[in-house]
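Please read the following walk through a protein structure with the model open beside the text. The account moves from helix packing to charged side chains.

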Amino acid sequence: MATPAAPASSALSLVADDMRKVDATIAMRLDSGVPLVGQVARYIISAGGKRLRPVLLLLTAGALGCRSEQRFNLAAVVEFIHTATLLHDDVVDESTLRRGRSTANEVFGNPASVLVGDFLYSRAFQMMVDAGNMRIMQILADATNVIAEGEVLQLMNMHDASLDEEGYLRVIRSKTAKLFEASARLGAVLAGAPEPVEEACADYGQSLGTAFQVIDDVLDYAGDPAEMGKNLGDDLREGKATLPLILAMQRGTPEESSLVRGAIEQGDTEHLSQIGQIVQRTGALDGTRALAAQQAERAIAAAAQLPQNNYAASLIELAAQLLQRRS
């Protein structure tokens, strides 16, 4: 059974009321005296998406019995940080399509997208202060810094066909998994959980975020554009050496490896169909899925350390169903 575009239905039903409060917080905190700020921010946030990061924070807090009102504020904070990274990413990558519609930079232009991304970051930091907890501020400040480093690291790796699996994972863990990790850790901190439990939550978030991005890279070569809501082959056009390409170069014939290497170095999608066949034939997609499965199993093992309740069961379900993700 394919995983829907949103988190598992049982997980959503558990936090449905909480998410409505998070959405109300987001709407309230998007208010600005500058109309274009709200217009651009609402455009990208209203596009939908999985909202995995706020859901993760709410589920983790729920698993640990936390009912603090701050969970709504912090769930909105992680969504703002995530949205800011999307705005900046799409400018850097020159993307034109996200979640099935034109990107904000395509509609409003690059300057507006960058500056509204900056607004969302700064608004998120204003909201962090509301929590009145230095530990929370440290977690989010550190996460935001690591994400920025990951963005720069990915930029440095563009068109580098010599990138290996270790270098690939370093980017993922900084750029994508770090905010998953912070979201889960925040739920534990709000709950006043002991350090071993907090670390288990952080391990869950990092592993889930890593698996999520690895599957995303599989879908760039095996997904349905209509389901994905983005153009297939975008990673190759941007010169990103993702794991399917890294494994294809390792496992392919010299001629196949040379073709893939040249496409990464030149950002060439002219041979996308042929490269897709190489990725399939060499078992590179299966190898990439195996890494995602390994990370999902690690997430499940971490969630198993939490109190046994419906929230913890939903965390396990999220990790298990992630491997069937199609969008």
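What follows describes a predicted model, beginning with a pair of helices and ending with a network of charged residues.

Start with helix H2, residues 35–45, and helix H4. Their axes come within 11 Å and cross at roughly 95 degrees. An angle of 65 to 115 degrees counts as roughly perpendicular, and H2 and H4 are therefore described that way. On the H2 side, the contact is made by Val 40, Ile 44 and Ile 45, and H4 contributes Phe 80, Thr 83, Leu 86 and Leu 87. By class, six of these residues are nonpolar, one is polar and none is charged.

Charged side chains can be followed next through the salt bridges, of which the whole structure holds 21. One of them joins Asp 17 and Arg 20, with the closest N and O atoms 2.2 Å apart. Both residues lie in helix H1 (residues 9–29), and because they are three residues apart there, about one helical turn separates them. Arg 20 has a relative accessibility of 53% and so counts as exposed, since the cut-off for that class is over 50%.

A salt bridge with the same spacing in sequence is found in helix H9, residues 177–190, where Lys 178 and Glu 181 are three residues apart, about one turn of the helix. Their N to O distance is 3.2 Å. Buried means under 20% relative accessible area; Lys 178, at 18%, therefore counts as buried, and so does Glu 181, at 10%.

The salt bridge between Asp 203 and Arg 298, at 3.8 Å from N to O, links distant parts of the chain. Asp 203 belongs to helix H10 (residues 195–222) and Arg 298 to helix H16 (residues 284–303), with the two positions 95 residues apart in numbering. Asp 203 is partly exposed, at 32% relative accessibility, and Arg 298 is also partly exposed, at 36%.

Some salt bridges share partners: Asp 93, Asp 234, Asp 235, Arg 237, Glu 238 and Lys 240 are joined in this way into one network. Where does Asp 93 of this network sit? Asp 93 is in helix H4, which spans residues 70–93. With a relative accessible area of 10%, Asp 93 is buried. The side chains of Asp 93 and Lys 240 are joined by a polar contact of 3.4 Å. Apart from neighbours within four places in sequence, Asp 93 is in contact with Met 158, Arg 237, Glu 238 and Lys 240.

Definitions and conventions: Residues numbered from 1 in each chain as written. Predicted model: local features only at pLDDT ≥ 70, side-chain atom pairs only at ≥ 80, totals over all residues. Heavy atoms only, no water. Helix = DSSP H or I, 4+ residues; strand = E, 2+ residues; numbered from the N terminus. Buried < 20%, exposed > 50% of the residue type's maximum accessible area, 1.4 Å probe, protein only. Polar contact = N/O pair within 3.5 Å; in protein donor to acceptor, adjacent residues only side chain to side chain. Contact = heavy atoms within 4.5 Å. Axes fitted to C-alpha atoms, helices over the stretch in contact; angles between N-to-C directions. Parallel < 35°, antiparallel > 145°, perpendicular 65-115°, else oblique. Nonpolar A, V, L, I, M, F, W, Y, C, P; charged D, E, K, R; others polar. Salt bridge = Lys/Arg side-chain N within 4 Å of Asp/Glu carboxyl O.
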